[in-house]
Amino acid sequence: MKITLTGIAVLTLLSQVVAQSEYPVSDIPVALKSRADAVVRQETIVADMLAPTKVRYEVKQAITVFNKEGEDKARLVIYYNKQTVIKRISGRVFDAGGFQIGKFTQRDFKDESAVNNFSLYEDTRVKYFLPAVTAYPYTVEYAYELELKQNLIIPAWRPDAYWNVAVQYSEYTFTCGESDDIRVNDTNYAGEPVRSNGDGRKSITWNVANLPARRYEPYSPDPETYKITVKVAPVNFSYYKHEGHYSNWEELGKWSYDALLADGLELPEATTQVVRKLVEGLASDKEKAKVLYEYLQRKTRYVSVQIGIGGFKPMAAKEVDRLGYGDCKGLVNYMQALLKVAGIPSYYCIVEAGSAKRNIQSDFASMEQGNHIILCVPLENDTTWLECTSQRLPFGYLGSFTDDRTVWACTPTGGQLLRTPNYPVAASTQHRQAVLVLAEDGTLTGKMETAFAAGQYENHLEIAGSNGAEQIKLLKKAYDVDYIDFRNIDYQKQSGKIPMLVETFEVTLPKYAPENGGQVFLTANIVNRQPNVPAVKDRKLPVYINRGYTDEDQITYVLPDGLNLVSGGWKEEIESRFGKYQATVEQMGNQLRYHRKFVLNEGTFPAEQYTEFSAFINRINMLDNRKAILAN
């Protein structure tokens with residue numbers, strides 16, 4: 001009898017152990033572990049649009065973490081506000097064998113305001129949680145439900161959004177009423193989704209399985225061009241008690257203008273009089289716009305304010321005028337109001353801003369696209385663009401944050417897709433000239449002047465706008481040479497169709513080229529050496545050079561008497577599809593003259609040409625570090 005009971009107990013225990021082993025790491029296919037910091041074991045997402053004001057959004061996901069780098073994927077972060085309500089959150093943690101070692105609920109999450117360092121006020125909060133586990137690998141399982149009280153913005157599905165994270169299985173289902181009209185955009189999704197109907201409801205389901213971890217590859221294009229994305233946009237929507245419908249950019253732009261912009265352009269009478277006086281007697285609309293833009297820069301400053309119809313409605317022009325600050329929306333709206341008084345039309349434009357160029361998707365209108373606002377002034381034969389959040393940028397200049405990309409404009413007659421300007425490679429220049437005296441102890445002293453133009457105008461704009469110790473700190477970061485010292489620093493801005501910033505200073509480089517064994521080793525290129533790019537085997541992605549430019553350096557070294565080149569001068573030239581490089585060193589009397597010119601072409605090139613590209617760049621790196629050998 002004892003034996004039987006013991007046997008039953010053992011069987012019971014074994015069955016419990018088997019039941020508890022839910023996510024053993026051994027079940028992950030070997031191919032998915034390769035190069036992976038984490039693996040999404042199982043992910044199901046359901047967005048159920050019960051009504052325009054009620055979308056149930058349910059997520060269940062399990063992620064196995066292999067190392068500390070994989071924890072970003074295991075960290076759950078949920079933003080919420082009055083229109084996004086958290087209904088429930090729970091989760092469990094498992095060890096490498098798949099046995100549960102912990103669990104958590106909403107009470108275990110940290111909760112704080114989503115106000116960031118740049119924001120005065122936001123009406124959004126954030127909950128976040130990461131298991132306190134240090135023994136790798138481990139698995140965390142989350143289950144949560146949100147209720148969205150609007151359907152203008154439905155979260156997109158991006159199953160392979162993370163670098164170095166494999167996906168064992170991920171599934172996304174969108175459900176709505178049979179009569180609901182929706183638009184769907186699936187990018188880089190192989191195959192067809194599964195569609196079903198029943199009980200007055202219709203569903204569309206997408207899924208992926210066994211996606212290996214994708215490593216980061218330098219000089220890669222916009223991830224939206226190759227990663228999987230599914231977006232759903234209902235034609236009829238409700239948002240913060242505003243209802244509307246759209247199926248294209250024209251209709252969305254019209255709704256945005258009517259609901260968000262039209263009622264906020266009125267200015268106080270006193271400011272209206274100031275505007276009229278400022279533009280009085282000016283002959284052209286461009287002159288008037290320039291004067292008013294400079295007035296905006298003097299009067300206002302940028303402060304992020306993420307409130308008002310979900311953060312989309314700008315602060316009224318009257319409020320910006322009274323307070324003297326606003327976010328990108330409020331400042332663009334205020335500039336529009338100033339121009340309106342002067343009889344100059346302008347367009348409020350939404351752009352996907354950032355140093356990497358990213359276009360608004362022309363074939364799929366949706367409100368979640370774009371993260372910044374700029375202003376377009378459609379002057380006759382001279383369309384002008386304004387960045388209204390900067391006190392430093394000149395009139396009519398868009399820098400690398402918003403240049404050369406498709407944006408959407410909100411106008412009284414509807415939305416339009418426009419293209420911001422870019423500066424060609426030949427115009428985006430950095431010209432540097434220097435005359436430096438080499439002392440007997442190897443110290444260099446002299447004067448250096450650099451002109452930054454067009455696409456490179458911003459390179460040292462922050463430095464130009466600072467002063468004192470902060471300016472020296474920024475200069476030392478830009479000119480990363482040991483013990484470098486600066487004096488008599490000056491910056492001059494030259495406005496015009498192609499703006500230019502001219503930087504001059506006196507420089508000292510202590511013992512830059514000291515004598516060693518009767519010889520002096522001088523690296524002729526002091527401050528503009530091209531970094532290496534890593535070799536990448538089995539490149540998968542195209543080579544994307546985001547922005548081209550032209551650099552030219554001319555440095556004259558005045559040598560001590562009797563010091564001459566013993567290694568001989570050199571003349572190097574490399575030309576490829578990616579650009580062109582020239583460098584010469586020659587001695588004329590007591591002067592050593594160094595000239596360097598590097599042109600980098602922007603564009604997209606096939607993946608198989610990365611080897612050629614890295615060889616081109618790394619050859620330049622080697623030549624940039626070449627030393628001239630001098631001796632008496």
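Me: What makes strand S27 (residues 485-494) a partner of S28?
Reply: Two strands pair if DSSP finds at least two bridges between them. Eight bridges join S27 to S28, so the requirement is met, and the two strands run antiparallel. Helices (H or I, at least four residues) and strands (E, at least two) are DSSP runs, numbered from the N terminus. This is a predicted model, in which local features need pLDDT (the predictor's confidence in each residue, from 0 to 100) of at least 70, side-chain atom pairs count only at pLDDT 80 or more, and totals for chains, interfaces and linings use all residues. Residues are numbered from 1 along each chain as its sequence is written, and side-chain values use heavy atoms, leaving out hydrogens and water.

Me: Which strand is joined to S28 by 10 bridges?
Reply: Strand S26 (residues 444-453) is, and it too runs antiparallel to S28. Here Ala451 has Val502 as its bridge partner, while on the S27 side Arg487 stands opposite Glu506.

Me: Why is strand S28 (residues 500-509) called largely enclosed?
Reply: Buried means under 20% relative accessible area, exposed over 50%, and partly exposed in between (1.4 Å probe, protein chains only). Eight of the 10 residues of S28 are buried, so the rest of the structure largely encloses this strand.

Me: Why is Ser614 called buried or exposed?
Reply: The relative accessible area of Ser614 is 9%, which falls within the buried range, so Ser614 is buried. This residue lies in helix H11 (residues 610-624). Ser614 touches Val533 and Pro534, leaving out residues up to four places away in sequence; contact means heavy atoms within 4.5 Å.

Me: How do you know what span helix H6 (residues 285-299) should have?
Reply: The expected span of a helix is 1.5 Å times one less than its number of residues. For the 15 residues of H6 this gives 21 Å, and the end C-alpha atoms are 21 Å apart, so the two values agree. The buried residues of H6 include Leu292 and Tyr295, and its buried residues pack against helix H5 (269-279), H8 and strand S22 (384-386).

Me: What makes a group of residues the largest nonpolar core, and how many residues has it?
Reply: A nonpolar core is a set of buried Ala, Val, Leu, Ile, Met, Phe, Trp, Tyr and Cys residues joined through side-chain atoms within 4.5 Å. The largest has 115 residues, and Tyr479 is among those with the most contacts inside it. Helix H8 (residues 328-341) gives the largest share, eight residues.
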